[in-house]
Amino acid sequence: MTPPLASLARVTIRDFMTRYLGYAFAALFAGYFAALVGLVAFQRDFLFRPDALRADPAAAGLAEAQETTLKTRDGEMLVAWRLPADCGRPFILYLHGNGGALRDRVPRFKRFVEDRFGMLAVSYRGYGGSTGAPAQEGLFLDAEAAYAEALRLGYAPERIVILGESLGTGVATHLAAAHHAAGLVLDSPYSSIADVAAERYAWAPVQYLVRDPFRSDREIGKARAPVLMVHGENDSVIPIRLARRLFDLANAPKTFLSAPGRDHLALLDSNVYPRVRDWIEAHAAGAACEKPDSN
């Protein structure tokens, strides 16, 4: 007996919908998988955004600084800018963020000049004239080379303040976990890059995909230096709650300064920098006056 036309229509529609939904789910899965592959393949392009151009400090507006080069344990050559410290003044070991180059930090460095702080700011591998390509372990080696250079120049650990900015807070925390310093200053820190990525890519299992996790949450408890963290309350790059999460894990003495209304990078906020300067001076100034920078 031939089925009624209505029954045939229902079967055809149901068949079509089943097939259509199968295709749709297959397409969605393929798109999701492709997005994951892209996230894994290009994640370092997202994380590290170097300006590779080498810039002279004077041409960049910081005539007080001298350019020097450092060699890392794995053979990379790094460009660094150096400001000699006045007698007995703090010496800042500066570890920059993920984008640009040292010349983009000149306004910050000028504040150090005004306060007669010394400084060694290292240009990570792949950034601003330095050889190599950036990756977590490589940046850790770059920071080690900078710390060794500060000691070679004659600065005692009691005068060295490790200062990290944004991505560089993970580098700074790792360095402070392994070496003595007068203080650790973190501008716009995070608990881990995996946590930051999870905020931006909530649809992906980023904790299993991140190649450069910068686990500050696992390192901060090893740091014995006093800690100062500064963070903008409206930070759209690294939510302030990730900084507070890291702060909770830090050893005392520790201080947290939030900047109301401030987005990413809070150090130069008019209500923040004077307090940072005073904190640095309280922890690192007044040390015995060596005669560094002889070379």
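**Entry 1: terms and overall make-up**

I take helices (H or I, at least four residues) and strands (E, at least two) as DSSP runs, numbered from the N terminus. The model I am reading is predicted. I looked up the secondary structure and noted nine helices and ten strands in the chain. The chain has 295 residues, and 48% of them count as buried. Its accessible surface comes to about 13900 Å², and carbon and sulfur atoms hold 57% of that. I also looked up the contacts with a separation of 6 or more, and 72% of these join residues 24 or more positions apart.

**Entry 2: Leu209**

I looked for Leu209 and found it in the loop between α6 and α7, the latter covering residues 216–219. Is Leu209 buried or exposed? Neither label fits: Leu209 has 23% relative accessibility and counts as partly exposed, because the buried class needs a value under 20% and the exposed class a value over 50%. I then looked up its distance to Gln43. The two residues are 166 places apart in sequence, yet their C-alpha atoms are 9.1 Å apart in space.

**Entry 3: the largest pocket**

I looked up the largest pocket next and noted a volume of about 530 Å³. Its lining has 26 residues, and those nearest the centre are Phe46, Leu47, Asn98, Val196 and Arg200. Which helices supply at least two residues each to this lining? I listed α1 (5–41), α2 (43–47) and α6 (193–200). Helix α6 gives the largest share, four residues. By class I recorded 16 nonpolar, six polar and four charged residues in the pocket lining.

**Entry 4: the cavity**

I checked for cavities of 30 Å³ or more and got a count of one. The volume of the largest cavity is about 50 Å³. Its lining is made up of Leu53, Arg54, Ala55, Val79, Trp81, Ala101, Leu102, Arg103, Ser123 and Gly128. I sorted this lining by class into six nonpolar, two polar and two charged residues.

**Entry 5: nonpolar cores**

I looked up the largest nonpolar core, which has 47 residues. Within this core, Leu95, Ile162, Phe214 and Met229 have the most contacts. Helix α4 contributes the largest share of this core, six residues. A second core, separate from this one, has 30 residues, including Met119, Ala121, Val161 and Tyr273.

I followed Ile162 further. Setting aside neighbours within four places in sequence, I listed its contacts as Leu93, Leu95, Ala172, Leu175, Ala176, Ala181, Gly183, Leu184 and Val185.

**Entry 6: helix α5 and Ser166**

Why do I call helix α5 largely enclosed by the rest of the structure? Helix α5 covers residues 167–178, and nine of its twelve residues are buried, so the rest of the structure largely encloses it. I wrote down the buried ones: Leu167, Gly168, Thr169, Gly170, Val171, Ala172, Thr173, Leu175 and Ala176. Ala172, Leu175 and Ala176 are also among the contacts of Ile162.

Just outside the helix I looked at Ser166, which sits in the loop between β7 (160–165) and α5. Its phi is positive, about 55°, although the residue is not a glycine. Ser166 has a relative accessible area of 8% and is therefore buried.

**Entry 7: Ser188 and Pro253**

I noted a positive phi at Ser188 too, near 65°, again in a residue other than glycine. Ser188 is in the loop between β8 (183–187) and α6. Its relative accessible area is 0%, so I entered Ser188 as buried.

Where is the cis peptide bond that I marked for Pro253? The bond runs from Ala252 to Pro253, and its omega is near 0°. Pro253 belongs to the loop between α8 (240–249) and β10 (254–259).

**Entry 8: Glu149**

My last look-up was Glu149, in helix α4, which covers residues 136–152. Is this charged residue buried or exposed? Glu149 has 9% relative accessibility, so I entered it as buried. Leaving out residues up to four places away in sequence, I found that Glu149 touches Leu70, Arg82 and Leu120.

Note on methods. Residues numbered from 1 in each chain as written. Predicted model: local features only at pLDDT ≥ 70, side-chain atom pairs only at ≥ 80, totals over all residues. Heavy atoms only, no water. Buried < 20%, exposed > 50% of the residue type's maximum accessible area, 1.4 Å probe, protein only. Contact = heavy atoms within 4.5 Å. 1 Å grid on protein atoms, 1.4 Å probe; cavity = no way out; pocket = protein on both sides within 12 Å on 5 of 7 lines; lining within 4 Å. Points joined across faces, edges and corners; volume = space filled by probe spheres on them. Nonpolar A, V, L, I, M, F, W, Y, C, P; charged D, E, K, R; others polar. Core = buried A, V, L, I, M, F, W, Y, C linked by side-chain atoms within 4.5 Å. Areas by Shrake-Rupley, 256 points an atom, 1.4 Å probe, with all protein chains shown as cover.
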